[in-house]
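Here are some notes to read alongside the structure if you haven't met it before. Keep the 3D view open and follow the points in order.

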Amino acid sequence: MTLLQLTYFLSAIEQGTFSKAAEAQNVAQPTLSEQILKLEDSIGTALFIRTNRRLVLTEAGRRLQPFAMACTTASRQGYEAVQSVRNLDGGLASFGTFGTAHHYFLAELISEFRKEHPNVRIRVVGYNSAEVSQAVSQGELEAGLVMIPVKERNLTVSEPVWSARVGYISRDPERLKGPKSIEDLASAPLILTEARWRTADPIRRLLAQRAQKAGAVLDPLIEVEHQQTGFELAAMGLGDVIATRPILHQLGFQDRLGWVPIDPPMFEVFAFVHRHDTPISAATRAVMAKMRDHLGRIQKLYAHLNDASDTR
């Protein structure tokens, strides 16, 4: 018993003859008749009494009819549901991004997306890049914007879509003289963020690799989870943080804290990731396209900050 056979069966009931049903289904009559015969063979009984004028349902045909209607209706509804997602008339966009994205563009992006696609639900979560990569790898999110490189091997990584130079940030002008080497950082009063992710966080991992290569140890005075907290503590003079100049400006600390680059240069580089064995839905692709536009504008806005030194 196939969906095609049930469709032809219902059309024969509606049209009254095999010839009219075949015309309605845009197939040759022998083709339609053959499929109905196969349907009758599969269930072991006749469904129609063939007369010279009009088809008459047998008792078996009458019993099958409501189930055939339910099957074809469910099939049609399933198709329409998928098409609504493909056409951005429904469905869910699920995306992960870096934790400070809300300071840059996230509310504006979601507002724009909802205006353009009011029937699409959207779920955007802001995690550490390591957590986003893990969630995408495990299928909990369709895609994400993460700092590269990533550890997960089942992810496809796009070309870089955002980058910013990482530097040393302090309230003390004496500690803002010249670029900072890894040896300078090892002796500095550091406040490191992303405390929960430590070795999994890309920047902390890179700093640890540089320190190990130089025979130095990074031993922070304070570890906190969020950059906002780290900047607040630095503004109180409790230590110094490591971050990019764009986030220094976005969080509004540029008048209280200064920035100098780390040498050799170190960059936060972000790219999109998704599972290579799973296609991305149209809704999530639309979120990614809009995010790419916002990131491009932000990159241009802060381009002049990447090579400069102290902000104050």
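1. One term to start with: a residue is called buried if its relative accessible area is under 20%, exposed if over 50%, and partly exposed in between. Keep in mind, too, that you're looking at a predicted model. Now try the term on V150, which has a relative accessible area of 23% and is therefore partly exposed. You'll find V150 in the loop between β5 (143–147) and β6 (155–157). Have a look at V273 as well: V150 and V273 are 123 residues apart in sequence, yet their C-alpha atoms are 9.0 Å apart in space.

2. Stay in that loop for a moment. P149 is also found between β5 and β6, and the peptide bond leading into P149 from I148 is cis, with omega near 10°. There's another cis bond to look at, between D263 and P264, where omega is about 0°. P264 sits in the loop between β11 (258–261) and β12. As background, most peptide bonds are trans.

3. Next, some backbone angles. Most residues other than glycine have a negative phi. N26 is not a glycine, but its phi is positive, about 60°. N26 belongs to the loop between α2 (18–25) and α3 (29–43). Is N26 buried or exposed? With a relative accessible area of 70%, N26 is over the 50% cut-off, so N26 counts as exposed. E194 is another non-glycine residue with a positive phi of about 60°, and E194 lies in the loop between β8 (190–192) and α9.

4. That brings us to α9 itself, residues 202–214. How far apart should the ends of α9 be? Its 13 residues, at 1.5 Å a residue, should span 18 Å, because the expected span counts one less than the number of residues. The end C-alpha atoms are 18 Å apart, which agrees. P202, I203, R204, L207 and A211 are the buried residues to pick out in α9. When you look at such a list, remember that residues three or four places apart on an α-helix point the same way, because there are 3.6 residues a turn. Just past the helix comes G215, with a positive phi near 75°.

5. You can run the same check on α1, residues 3–15. This helix has 13 residues and reaches 18 Å from its first C-alpha to its last, close to the 18 Å expected at 1.5 Å a residue. Buried residues in α1 are Q5, L6, Y8, F9, L10, S11 and A12. Right after α1, G16 takes a positive phi of about 90°.

6. Now for the rings. The model has seven aromatic pairs, counting rings whose centres lie within 6.5 Å. One of them joins F98 and Y104, edge-to-face, at 6.1 Å centre to centre with 70° between the planes. F98 also pairs with F270, and this pair is tilted, with 4.8 Å between centres and 45° between planes. The F98 and F270 pair links distant parts of the chain: F98 is in β3 (residues 92–98) and F270 is in β12 (residues 267–275), 172 residues apart.

7. Are F98, Y104 and F270 buried or exposed? F98 has 8% relative accessibility, so F98 counts as buried. Y104 is buried because its relative accessible area of 15% is under 20%. F270, at 3%, also counts as buried. Ring pairs link F98, Y104, W162 and F270 into a cluster. Elsewhere on the ring theme, K180 lies over the face of Y168, at 5.3 Å from the ring centre.

8. For helix packing, look at α6 (residues 106–116) and α12 (residues 282–301). Their axes come within 10 Å and cross at roughly 135°. That angle falls between the 115 and 145 degree cut-offs, so α6 and α12 are oblique to each other. The crossing is right-handed.

9. Last stop: A70, in helix α4 (residues 59–86). A70 has 46% relative accessibility, so A70 counts as partly exposed. T58 is 12 residues away from A70 along the chain, and their C-alpha atoms are separated by 19 Å.

Technical notes:
Residues are numbered from 1 along each chain as its sequence is written. This is a predicted model: local features need pLDDT of at least 70, side-chain atom pairs count only at pLDDT 80 or more; totals for chains, interfaces and linings use all residues. Side-chain values use heavy atoms; hydrogens and water are left out. Helices (H or I, at least four residues) and strands (E, at least two) are DSSP runs, numbered from the N terminus. Buried means under 20% relative accessible area, exposed over 50%, partly exposed in between (1.4 Å probe, protein chains only). Rings of Phe, Tyr and Trp (its six-membered ring) pair if their centres lie within 6.5 Å; planes under 30 degrees apart count as stacked, over 60 as edge-to-face and the rest as tilted. A charge sits over a ring if NZ of Lys or CZ of Arg is within 6 Å of the ring centre and within 35 degrees of the ring normal. Axes are lines fitted to C-alpha atoms, for helices over the stretch in contact, and angles run from 0 to 180 degrees between N-to-C directions. Angles under 35 degrees count as roughly parallel, over 145 as roughly antiparallel, 65 to 115 as roughly perpendicular and the rest as oblique. A crossing is left-handed if the near helix is turned anticlockwise from the far one by less than a right angle, and right-handed if clockwise.
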